[in-house]
Amino acid sequence: MVTTTDRAPHPARPSRAGTGGPAGFSMLLLRRVGQVLFVIWLAFTLSFILLNVLPGDAVLAKLGGVDANRQITEAELAAIRAQVGLDGPLVTQYLQRLGGVVTLNLGHSLQTREPVLDMLVTALPPTLQLAAAGFLLAIAFGGLLGATAAYTRTPWLRTALLAFGTIGTAVPAFWIGISLITLFSFWLPLFPASGTAGPSSLVLPAITLAIMPASLVTQVFYESLARAMSEPFATTAVMKGASRMRVLVRHGIRNAAVPVVTLAGVVAGYLLVGSVVVETVFSRAGIGYLTVNAVRTVDLSVISGLVVFSAVVFVTLNLLVDLACPFIDPRMRAGMTS
Amino acid sequence: MTAARQAPAPAAAVTESPGSGPLVRPRVRPEFVLPAVVVAFFVLIALWPELIASQDPTLAQPRERLLPPSAEHLFGTDSIGRDQFARVAHGTLPSLRAGLIAVSIGLVGGGLLGLVSGFSRGPLDLAIARLCDALLAIPGLLMALAFLTAIGSGVTVAACAIGIAQMPVFARVMRAEVKRVSALPYTEAAAAAGVGPVATAVRHVLPNSWGPVLALAALECGQAILILSSLSYLGFGEPPPAPEWGALIAAGQSYLAVQWWLAVLPGVVLAAMVIAITRLGHAARRNDR
Amino acid sequence: MTSDAHVQVRGLSVSYRVGGRQVTAVNDLDIEFCRGAVTAVVGESGSGKSTVARAIAGILPSNARVDAGEVLLGGQDLLRLSERQLRTIRGSRVGFVPQDPTASLNPTQRIGAQVAEAVVLHLPMRGAALRDRVGELLAGAGLTDVKRISRSFPHELSGGMRQRVLIAIALAGGAELVIADEPTSALDVTVAARVLDQLTKMVTSAGTTLVIITHDLSLATHRADRVAVLHRGAAVEAGPAAEVMARPRHEYTSQLLASTPGLRDRRQDRVRPDTSAVDGALVRLEGVSKSFGGSRYGRAAVAALSDVSLRLLPGRTFALIGESGSGKSTTARIVLGLERADSGTVELFGHDLADVGRHAMRELRRRVQVVYQSPFASLDPRFSVGRSIREPLVAHRAGTRAEQLARVDELLNLVRLPSSYARRRPAELSGGQCQRVAIARALALSPELVVCDEPVSALDASVQAQVLDLLREIQERSGVAYLFISHDLAVVRDIAHDVAVMQNGRIVESGGIDDIFERPTQPFTRLLLEASLRHAGGTVEATIGSEG
């Protein structure tokens, strides 16, 4: 035996992915799901501390509809606490609410007495539409710009494309929305400035929402593509006689995909929050509108439900991203197949 | 390719050539200068808005309402006749201050978490990683809204909330840098030379690992300013007479059809400041490599 | 060997844009490569040898510029061709074997697809015919079980296998010229020898012109028909290999030959400390084992060391040789107290480390210092050279400030650096100078043992020789002992008194340097020796084992 010193990497060597064999994959999945649940619990606990332990007298006064300018009595405070369910020992409250979250009961709105889950479910469809449109736009537009910037050998074109990447992350979404309304609703009346009626009402909000994530995707995709194109394996492909376009498409994109997919998880989370601003600008109904309204009316239950909802969305998306990465880069599969 | 290492060797005993000058002295580069000048300008305006805006930002002159931009009123006047340019100039300080508060909290809190995490292994490291995951799952804007709901309105409250939301970002970079530098031979050599773990951390690990964290601070400062302007736009900023950029844009939105400049021009100024701060961060990050 | 020039490089000048100014890498270079011959282009880092290879292949980095000259392939100037014309030449007429087999294959594509791409870009093949051709090419490069390899991803193969795949790719289009840029410098010595054999066998049987770019003079001299020596971007010498080696005409070639370990005359004047006078060992390892990994989730722990025993004696150099992953660095870290052994006894200066408290450990550590492989990472970039050297003195409160500064001066003197260097930063020094500073720091506390972990493997040959001479000289003067970790047998033979050969975490053979090198008893030791000689092109006939 001579080749002892030139061993192929052993499948069972320790790796990030864990143990070998298909059992390893389910172990990995189980562990990641456990992690996800733990993180959601932690996010819930943090929001509980914030919203149920910290509320000041002024907040309570506002909740109870008492004029905050005058001194309110302890008795009044106690009454308000009892009224909104903030009385009793904290531990009991915490366990009750935690039990609620587990059984998908997020409590009732302090203002409308409606179940928070119902409010979320009602508000979700328009926001989901908006976020999905924004997501597709961001990936398509950002991907195209990033790939063009990596492909071109004209310095000024690359600089211009990358400048979009910087500007897009520095301009507030509400300002983009306002400018778009000025341009395409008032000067050129092409799209409605507000409302949720029909597909045309989705155009401007979706563009507004997509600008920031699109510029992030441009930056990240360009950087990872440029890195892939300067790797030795790209040189190998060039020396086979492949064109620059072929090298980019066949060898660059897949190797540059992992950072972008990872980013997609973050972007999808952002879209949900970005909808808060965009829905206000375009007077659309949805999660964002619900959020702003809840803050205005100091509806602690709704806010707490939104925080948990956001954590669930964010963590689930990132779990999906984590599970998708091994399918893009086989090196991450090491140890999962035997 | 070590083409740069070809200067003639002065040392008699050694035939190799030392590294050439330009690699050593960090030169002041143009990509660094322009954003630095712009940021310095904004800081100046934040401290002394009178330098460029002589008019009173709160003085209403009903006869001069909704004027278009002119030599006297560079950005025009608003619906009750206040000079918009003066309002924008006076709005610089609250924006910048709130951004700095947020990023200081993120930098200090996140930096400390990252340090502890980077120097420890096992359960503590793991616990901090999970805490960061949980914090990351609540975006900055939502965190700020939750704080505003629970504790009451105020720019400082919002800034603190954004700072807390930014902590995990700083913590992760700090941790990675500490782990990287701790594994370098010169850190190990210090341990072998008898330098204690605390001294090694202070003398070798910290100075060589906070560069990327500081560069990140500039980027995050820009983002904090953006989120704060969004809050102000949504009406969760300082109460009305205060000239905050987000609120200015929100007020101008009602006049978009005709007096578009009221909403658009403050946005341009805001974007210019955030771009300058962001470029500064990018330049610092590149310099650090 | 035919004598007609297949490739002619005439008056080639290439410069790089570095920090706003042009730096010349290749200056008015003339070289010819003969048809069907193997030519080695030899030079140290910065000599421009890789730039030449890349200029011929047309793959210079974007900050490089061809200032003048031509590269004629069969009368056609490659530097004047358009990108489109170059594409038809690459792969079909010019093949390229890169330096780093790990990074040079697309990690997300199966091997079969990557080889097939090299075929279909020049030949209209598909389906079963293409699959067969890919299998042929892989088999031709010396790979067995080609079906499995075709379906594998690069990370599932070893370094040697990957380099064979890259050779198959380079030859897939029937290239008449193959340029190999340091093709084996990333491989272990036993693997490198076999890969090189395969490459030269394949090209010579096909009548292909082969250009090997290398820093390794011994490899060049014995494997090539012709040699060209590059120095500072110009060819200082070129001619038939045997002639250049036997009668170098240029002073630089002689200097290079003299400083190549293994090629230079073995020093017979090495001081042999009298071991009989020595009453105790500095370090004693007895049955030491260590494993890594192993976690709650049932991962298999990987054994890094099993049952390792050795003794280091004062004033001598003990070399630990082996290939990557053999456990030599883990052994060094255990001696340094940076890792703890899982089982077995570790004794430092007669103290069992298991019974040593924190304070005593600190005192023991003072007597063992370390020099690392990477010269630039060994020094804190923010510390001046003087501060780095002084650091151990400060940590142990050795003397007053003035005494410490005087000691720094003395140490700089010892490692042959001017006193003025104390104020410099590491970035202002070359690799060899950084390594001298690292040695000075290691000697600051006058240790009895210095662990040298591959101290010269990141350096050019001529600098290697200087650093080795320095280490030897310091030993003769101060009687310090070295634990010298290396994969390079030539270097070890140059400096060591005792040697232990490691394989898979075990010591397979140990003894005096001459015993091991002249009369190896273990098959692995023989294999290692033979490979290093075969790598150098020697004529050892004892073939052990077969290709696997």
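Let me start at Arg367 of chain C. Leaving aside neighbours within four places in sequence, Arg367(C) is in contact with Phe349(C), Pro447(C), Glu448(C) and Leu449(C). This is a predicted model, so please keep that in mind throughout. Arg367(C) sits in the loop between helix H12, residues 358-366, and strand E16 of chain C. Is Arg367(C) buried, exposed or partly exposed? It has 14 other C-beta atoms within 10 Å, so Arg367(C) is partly exposed; the buried class would need 20 or more. For a sense of distance, take Gly174(C): the C-alpha atoms of Arg367(C) and Gly174(C) are separated by 60 Å, and the two residues are 193 apart along the chain.

From that loop we move into the sheet. Strand E16, residues 368-371, is an edge strand, pairing on one side only, and the other edge is strand E20, residues 506-512, of chain C. In what order do the six strands of this open sheet run? The order is E16-E17-E18-E13-E19-E20, all in chain C, and the pairing is mixed. From one strand to the next, the twist averages 15°. As background, strands of a sheet pair through backbone hydrogen bonds, either parallel or antiparallel. At the E20 edge, strand E19, residues 498-503, pairs with E20(C) in the antiparallel sense, over six bridges. One bridge to point at is that of Asp498(C), whose partner in E20(C) is Gly512(C).

Next, another stretch of strands in chain C. Strand E1, residues 5-18, and strand E4, residues 64-73, run antiparallel and are joined by eight bridges. Opposite Val7(C) stands Leu73(C) of E4(C). Leu73(C) also has a bridge partner in E5(C), namely Gln76(C). Strand E5 covers residues 76-77, and its antiparallel pairing with E4(C) has two bridges. What kind of connection do E4(C) and E5(C) form? They form a hairpin with two residues between them, and Gly74(C) in the turn has a positive phi of about 55°.

Now the helices of chain C, beginning with an exposed residue. Ser205(C) lies in helix H7, residues 189-206. With 9 other C-beta atoms within 10 Å, Ser205(C) is exposed, because the exposed class takes in counts of 12 or fewer. Ser205(C) is 46 Å from Val371(C), C-alpha to C-alpha, with their positions 166 residues apart in sequence.

Helix H3 of chain C, residues 111-120, is mostly covered, with eight of its 10 residues buried. Those buried residues include Ile111(C), Gly112(C), Gln114(C) and Val115(C), and also Glu117(C). What covers them? The cover includes helix H9, residues 232-240, of chain A, together with helices H4 (127-140), H5 (146-151) and H6 (159-171) of chain C.

Val115(C) comes up again in the nonpolar core. The largest nonpolar core has 342 residues, and those touching the most other members are Ala43(A), Ala144(B), Ala158(B), Ile162(B), Val115(C) and Leu483(C). Which helix gives the most to this core? Helix H8 of chain B, residues 197-234, with 18 residues. As for Ala43(A), outside its neighbours within four places in sequence, its contacts are Val307(A), Val308(A) and Ala311(A), and across in chain B, Ala134(B), Ala137(B) and Ile138(B).

That leaves the two helical chains. Chain A has 12 helices and zero strands. Of its 338 residues, 43% count as buried. Among contacts in chain A between residues at least 6 apart in sequence, 71% join residues at least 24 apart.

Chain B has 10 helices and zero strands. Of the 289 residues of chain B, 54% count as buried. Here, 66% of the contacts with a separation of 6 or more are between residues 24 or more positions apart.

One helix pair in chain B to finish. Helix H3, residues 92-119, packs against helix H4, residues 123-136, at an angle of about 145°, and their axes are 8 Å apart. The crossing of H3(B) past H4(B) is left-handed. Which residues make the contact? From H3(B) they are Leu113(B), Val116(B) and Ser117(B), and from H4(B) they are Leu124(B), Asp125(B), Ile128(B) and Ala129(B). By class, that contact has five nonpolar, one polar and one charged residues.

Methods:
Residues are numbered from 1 along each chain as its sequence is written. Chains are lettered from A and ligands numbered from 1 in the order in which they are written. This is a predicted model: local features need pLDDT of at least 70, side-chain atom pairs count only at pLDDT 80 or more; totals for chains, interfaces and linings use all residues. Helices (H or I, at least four residues) and strands (E, at least two) are DSSP runs, numbered from the N terminus. Two residues are in contact if their C-beta atoms, placed from the backbone, lie within 7 Å. Axes are lines fitted to C-alpha atoms, for helices over the stretch in contact, and angles run from 0 to 180 degrees between N-to-C directions. A crossing is left-handed if the near helix is turned anticlockwise from the far one by less than a right angle, and right-handed if clockwise. Ala, Val, Leu, Ile, Met, Phe, Trp, Tyr, Cys and Pro count as nonpolar, Asp, Glu, Lys and Arg as charged, and the others, Gly among them, as polar. A nonpolar core is a set of buried Ala, Val, Leu, Ile, Met, Phe, Trp, Tyr and Cys residues joined through C-beta atoms within 7 Å. Two strands pair if DSSP finds at least two bridges between them.
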